[in-house]
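Hi everyone, thanks for making time this morning. I'd like to walk you through a model, so please have a look at the screen.

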Amino acid sequence: MKETLVRSLSGLIYVALLLISLCFEHALSLLFFVFGLICLAEFKKLIQLKSNIPYLIFIIIYAIFGYWQVVLKTDTGLKEATQILTVLSIFINLFLIKDLFSIKSIPLFSTKRFLLTTFYLSSAFVFLILIANYFQDTYNPKILLGAFILVWVNDSFAYLVGKNFGKQKLFEIISPKKTVEGFIGGLFFSCIASYFITTFTETLDFTSWLILSIIISVFGTLGDLIESKFKRQAKVKDSGVIMPGHGGLLDRLDSIIFAAPFVYLFLKILNYVS
């Protein structure tokens, strides 16, 4: 009972911080900056990277691509750089997907550790800020809020459906509790949630939100599995202890972190063709 109460309280604080910060652009920028540093510290431990250079890289790219471009409304020379960052981040994520399915353990040579901290983790927080500023090129957190809601819906119903109806394991060697039925259930209810998000946010049309729900469900699940593989290699249950009952902050954000560049790319394509 006490463990459930602690878990619920820490989860409530996390959600409250996020929802309150979404109301204020500078507060959200600060929150994601802090979240990014915490997740980076947790991830460095998982991949056994002792160097502090990733912190410096995170601060630089977050300041340039996030704060400078979005908050100060200055994009001179940065549009092309943002496109390059998007391509590199997706490229690294696709390699992680390959490593997830084709290799027993993810190779962690020195160069790859720095590539992962930069283009898998640090850049994700830049994309979250950019997503919050996508709609009509002004700060409107409704799309970002919708993305988080889709992650929460997918995770919740994947757990509930998997627990009650799951029989076929999704990826037993990496995450024994995940099931195919749970994945399908999470995807199904995410698609349903996209209708209500369309109605209440009044941002994108239903088709766009439906596609986003599929992107977030698929890539969010992959992100969860990839982080589970990192933890299994590190022989730890959680990425950290900052959230009692939940583990580390990276454990809570792994899905949105991995899905963020794909969501941002879809929004840019949508903006280009519309």
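I'll go from the inside outwards, then finish with a hairpin and two loops. Please keep in mind that this is a predicted model.

Let's start with the core. Which residues touch the most other members of the largest nonpolar core? They are F32, F125, F230 and L253, out of the 76 residues in that core. Helix α9, which covers residues 249-273, gives the most to this core, with 14 residues.

If you'd like one residue to click on, try F125. Setting aside its neighbours within four places in sequence, F125 is in contact with F32, F35, G36, C39, F58, Y62, L253 and I257. You'll spot F32 and L253 in that list, and both were named a moment ago along with F125 for touching the most other core members.

Now over to the surface. There is a nonpolar surface patch here of about 660 Å². It is made by F188, I192, Y195, F196, F200 and F206. Which helix gives the most to this patch? That would be helix α7, residues 180-201, with five residues.

Let me pick out Y195, which is found in helix α7. Is Y195 buried or exposed? Something in between: Y195 counts as partly exposed because its relative accessible area is 47%, and the partly exposed class runs from 20% to 50%.

Next, the hairpin. Strand β1 is residues 169-171 and strand β2 is residues 175-179, and the two run antiparallel, joined by two bridges. Three residues sit between β1 and β2 in this hairpin. If you want to see how the strands line up, find F171, which stands opposite S175 in β2.

Last stop, the loops, and a bit of backbone geometry. As a reminder, most residues other than glycine have a negative phi. Now look at Q48: not a glycine, yet its phi is positive, about 55°. Where is Q48? You'll find Q48 in the loop between α2 (25-46) and α3 (53-71). Q48 has a relative accessible area of 61%, so it is classed as exposed.

K235 is another residue to check. K235 is not a glycine either, and has a positive phi of about 60°. K235 lies in the loop between α8 (206-234) and α9. With a relative accessible area of 74%, K235 is exposed.

That's my tour, thanks for listening!

Definitions and conventions: Residues numbered from 1 in each chain as written. Predicted model: local features only at pLDDT ≥ 70, side-chain atom pairs only at ≥ 80, totals over all residues. Heavy atoms only, no water. Patch = residues over 30% accessible without salt bridge, like charges linked within 9 Å, V, L, I, M, F, W, Y side chains within 5 Å. Areas by Shrake-Rupley, 256 points an atom, 1.4 Å probe, with all protein chains shown as cover. Salt bridge = Lys/Arg side-chain N within 4 Å of Asp/Glu carboxyl O. Helix = DSSP H or I, 4+ residues; strand = E, 2+ residues; numbered from the N terminus. Buried < 20%, exposed > 50% of the residue type's maximum accessible area, 1.4 Å probe, protein only. Core = buried A, V, L, I, M, F, W, Y, C linked by side-chain atoms within 4.5 Å. Contact = heavy atoms within 4.5 Å. Pairing = 2+ DSSP bridges.
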